[in-house]
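User: Please take a close look at one part of this model: how the helices pack, and what sits around them. Keep the answer brisk and connected.

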Amino acid sequence: MKFKYIIVVIAGLAICSSSCKKNLVETPYSSLSSSEVFNSETGLKEATLGIYQNYTNAYFTTWYRFCLNESGHQYSTAAFYGDAFCTDQNGFVGTPQSMVAGEADQIWAQDYAGVARANTVIGNATKAVSDTSIVNKYIAEARFLRAFAYFDLVRLFGGVPIIDQQITSLSQTNLIYGKRASVQDTYNFIVADLLYAASELPDTRSATDAGRVTAGTAKALLGKVYLTMAGKPLGQTAYYQKAVDVLKQVVGGAGEAKYNFGLLNNIADVYSITNKKNAEVVLAFSFFYSSSNTSANLNPFFSLPNGYTSGDEQTFFGLTYAFYQLYEGKDKRRDLTMISRYKTVHTGNNANEGDSIIYNPTRLRYIDTNNHAIFASQAINSGIAFGKYDRTARPAGSPPWGYSTDLIMMRFSDVVLCLAEAEIETGNLSDALLLINRVRARAGASPYTDADNMEARVRLERKLELMGDYTTVFDIRRWGTLQNEIAGMSASQVFSGVKGTYNTKYELYPIPQAEINTNPNLTQNPGY
């Protein structure tokens, strides 16, 4: 369904979208006062849905999020149009100045806009509804989405300013010019929000509210938060058991039935635009392209190989052939994740409509098998194009951001593998083996028959299953394996041709310089 939402203007100020003054004013979609919006459950619901909308209102930001989460490791590389907006990550050369107008500052602003919208709902919910059993569900929903934003921020940037209430006046300088909280305090804030959400949210949603978070969503994300806290940089290993305890409430027959979670039989169906909000989608933000809503998802345009569906794709992200080889030939995930061969639907780039285009790992190029010419650019080393999207052509006449592909931030297979990893770290290898083999069985991959090398196995399985699902870089950071990832790269997979070297600063992205320039209390991450 398509949600209706509104954005509220409070006390003459639009909702705060960042910790700094320059982002205080967000262009409102509606100029309603607090009293006009929060005077009924209808207004409260629409304001709550506006928090979700925050993650779908800027199509380039969706691509920036992909770059920050999925590039800069030993299997990521450019594609035949280059590596737009992923250069800093793939080459490990990013600076606050080079990223100021790109990925980091946009994600920072988007996440803090989500925080601001959540705080507005939390601060005004009781004005709209007096029944606490109803109002608490809305507050829980807002607190979940606030926790999601801070979980994103802390993994990207480290400790960040915590804005825990609505900003209604420029006099609230302690919030507008907030200092960075510690990583520990940031996580404590996230956990508190998720515990509240898990206790107050409904177990399921009606068909008309499909896609809104539930108690199961909160428990799934809480388990991943605990797993992250157990790893680097906090290294608090007691949280592995906490992760097991909460994730077991959602994984398994009873929990999956209670919260309507599960693995689909065909993994490709998870991404189908005709099968949105399916049982494997734990958390997603929806895009709907139409003639009246032309701002949809840009990511397929920058990922699918040129000529695959619409003919004008600009392919900027690739995966190496070495990653392709990690899959068994019968593993269904390989050809979903990477498109190594296809027939082009248009004439151009040294090919004719209908020609077969195949990736050549020796030449690091796509080749037209009809005329043996290099397809697209001859100058750029290309990886294999990423393909984990619905592969339907976007509507005729639509812009590059005209794809109705949802932004899926957490799948149930991610939850299953989080539990498997936590079980391994707490010594329950046999239980972890069953969980890993469950994911492999759905993919058609061979099962593991023993419990050897389980830590390495679950880490590999997360890459095979979840590559491109906005978790790869975060996994690498919490495992503490970034130095190995960089060592495993080659100069040929870096667009500039110059391989970066490891530096501890790469464990975090730089705080956007524009934010530091505006907020005198905001400090930069070490090394930048």
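Analyst: The expected span of a helix is 1.5 Å times one less than its number of residues. The model is predicted. Start with helix 18, residues 454–466. Its 13 residues reach 18 Å from first C-alpha to last, close to the expected 18 Å. Helix 17 passes the same kind of check: 15 residues and a reach of 21 Å, close to the 21 Å expected at 1.5 Å a residue.

Each of these helices is followed by a glycine with positive phi. Gly 444 comes after helix 17, with phi near 85°. Gly 468 comes after helix 18, with phi also near 85°.

Now burial. In helix 18, the buried residues are Met 454, Arg 457, Val 458, Glu 461, Arg 462, Lys 463, Leu 464, Glu 465 and Leu 466. Charged side-chain types such as Arg 457 and Glu 461 are therefore counted as buried here, on a cut-off of under 20% relative accessible area. In helix 17, the buried residues include Ala 432, Leu 435, Ile 436, Val 439 and Ala 443. Asn 437, Arg 440 and Arg 442 are buried there too. An α-helix has 3.6 residues a turn, so residues three or four places apart point the same way. What covers the buried residues of helix 17? The cover includes helix 15 (332–337), strand 11 (407–411), helix 16 and helix 18.

Helix 16 deserves its own look. Helix 16 (residues 412–425) packs on helix 17 (residues 429–443) at about 155°, with the axes 8 Å apart. Angles over 145 degrees count as roughly antiparallel, so helix 16 is roughly antiparallel to helix 17. Their crossing is left-handed. On the helix 16 side, the contact includes Phe 412, Val 416, Leu 419, Ala 420 and Ile 424. On the helix 17 side, Leu 429, Ala 432, Leu 435, Ile 436 and Val 439 are among the contributors. Leu 435 and Ile 436 thus appear in two lists: they are buried, and they take part in this contact.

Helix 16 also meets helix 11 (residues 239–247). Their axes come within 8 Å and cross at roughly 135°. Helix 11 and helix 16 are therefore oblique to each other. This crossing is left-handed. Helix 11 supplies Tyr 240, Ala 243, Val 244 and Leu 247. Helix 16 answers with Val 415, Cys 418, Leu 419, Ala 422, Glu 423 and Glu 425. Leu 419 and Glu 423 touch helix 11, and both also belong to the contact with helix 17.

Elsewhere in the model lies an open sheet. Its four strands run in the order 3-5-10-6, with antiparallel pairing. Strand 3 (76–77) and strand 6 (338–339) are the edges, each with a single partner strand, so one side of each lacks a neighbour in the sheet. Strand 5 (residues 318–319) pairs with strand 10 (residues 384–386) over two bridges. Leu 319 stands opposite Ile 384 there.

Thr 320 lies in the loop between strand 5 and helix 14 (321–326). Thr 320 has a relative accessible area of 12%, so it is buried. Leaving aside neighbours within four places in sequence, its contacts are Gln 74, Tyr 75, Ser 76, Thr 77, Met 338 and Gln 493.

One last loop residue. Pro 510 sits between helix 20 (482–487) and helix 21 (513–518). At 1% relative accessibility, Pro 510 is buried.

Technical notes
Residues numbered from 1 in each chain as written. Predicted model: local features only at pLDDT ≥ 70, side-chain atom pairs only at ≥ 80, totals over all residues. Heavy atoms only, no water. Buried < 20%, exposed > 50% of the residue type's maximum accessible area, 1.4 Å probe, protein only. Pairing = 2+ DSSP bridges. Axes fitted to C-alpha atoms, helices over the stretch in contact; angles between N-to-C directions. Parallel < 35°, antiparallel > 145°, perpendicular 65-115°, else oblique. Left-handed = near helix turned anticlockwise from the far one by under 90°. Contact = heavy atoms within 4.5 Å.
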